Number of protein chains: 2
Amino acid sequence: MTATAAVHTSFSIDRFYAASPAEVFAAFSDAERKRRWFAEGEGWQVDEFSVDFRVGGFERSRFRFQGGPEISNDTTYLDIVANQRIVIAYVMALAGTRFSASLATIEFKPEGSGTRLVYVEQDSFLDGQDGSADRESGCRELLETLAIEVERAPVVAN
Amino acid sequence: MTATAAVHTSFSIDRFYAASPAEVFAAFSDAERKRRWFAEGEGWQVDEFSVDFRVGGFERSRFRFQGGPEISNDTTYLDIVANQRIVIAYVMALAGTRFSASLATIEFKPEGSGTRLVYVEQDSFLDGQDGSADRESGCRELLETLAIEVERAPVVAN
């Protein structure tokens, strides 16, 4: 089998949250909270969600949508600056076949009493399909769900 | 301390090698050979070079140039297709401070009796400095050294 030529793209999302950087960051660093906004969802079955939130640590998730094939996300934490920045690399696979490798830089910037989150993702689509539009739209949905998670949580002192 | 806003860039390098894809790939997969072209060099002191060449494996190197501060490279292997593709994420640090996170896709394509290597790197410069020109030039030098390594090795049957 010959590997298909990879397609390289990138996108960025900028979003304001009415919560402090410490609180938004906590929704990433706390495994239970992250699972809630990142992995759970109507129609989604989570088969695995394990997090080792430290530089060099892995996060693995395996899930299915409405009984479909297994989708997996293997994340490595590359850089963490508490309440300010998280950089990850993650690989997505469908039914065991890796189809994308991504570098995501997430920055949490104070803005008034809230947070400006800047998400930049640089992608290598290994199956030769430019999946950037779907990927960006999926990330935007997740960052919407994050807003619900951040709003439901008690406010953390900064 | 406030983290500096990251700078996102990318570059690609395309280079022909007069050796088969299997032979060029072997200079990446064989730790001893990779150390020779990737880590060793006049004026460079290699303090550590350890490789676990498999998907999810780490490669760590620590080195100094002419007695200067420690430079480190922590690599994670994200995807490997034998003789065809390697995808890595790697983080560089200077004296313990991480300054870049990168996604690199390396493709090995047969071209006549040789190999067309396509190297695409997508970078997040964490110190806010656009280091892409230096990074690209460093990668070009390494890919030149790789040519010397590939030419000195016995030809591997394909």
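A residue counts as buried here when its relative accessible area is under 20%, and as exposed when that area is over 50%. With that in hand, a good place to start in this predicted model is helix H3 of chain B, which runs through residues 132–152. H3(B) has 21 residues and stretches 30 Å from its first C-alpha to its last, close to the 30 Å expected at 1.5 Å a residue.

Eight names make up the buried set of H3(B): B:Ser132, B:Arg135, B:Cys139, B:Leu143, B:Leu146, B:Ala147, B:Glu149 and B:Val150. Looking down the helix axis, these buried residues fall within an arc of 165 degrees, so they line one face of H3(B). That buried set packs against quite a list of partners in chain B: strands S1 (7–17), S5 (85–94), S6 (97–111) and S7 (114–125), along with helices H1 (21–29) and H2 (31–39). Turned away from the buried side is a face with the exposed residues B:Ala133, B:Asp134, B:Glu141, B:Ile148, B:Glu151 and B:Arg152.

Next comes the pairing of the chains. A turn of 180 degrees, with a shift of 0.0 Å along the axis, lays chain B on chain A with an RMSD of 0.0 Å. This is the relation of a two-fold axis. Both copies use the same surface, as 100% of the contact residues of chain B recur in chain A.

Where the chains meet, 33 residues of chain B touch 33 residues of chain A. About 2400 Å² is buried between them, with 58% of it on carbon and sulfur atoms. Two salt bridges are counted between chain B and chain A. The side chains of B:Arg98 and A:Asp79 form a salt bridge, at 2.6 Å from N to O.

Key
Residues numbered from 1 in each chain as written. Chains lettered and ligands numbered in written order. Predicted model: local features only at pLDDT ≥ 70, side-chain atom pairs only at ≥ 80, totals over all residues. Heavy atoms only, no water. Helix = DSSP H or I, 4+ residues; strand = E, 2+ residues; numbered from the N terminus. Expected span 1.5 Å × (residues − 1). Buried < 20%, exposed > 50% of the residue type's maximum accessible area, 1.4 Å probe, protein only. Arc of directions from axis to C-beta. Contact = heavy atoms within 4.5 Å. Least-squares fit on C-alpha atoms with pLDDT ≥ 70 in both. Buried area = accessible area lost by both parts, 1.4 Å probe. Salt bridge = Lys/Arg side-chain N within 4 Å of Asp/Glu carboxyl O.
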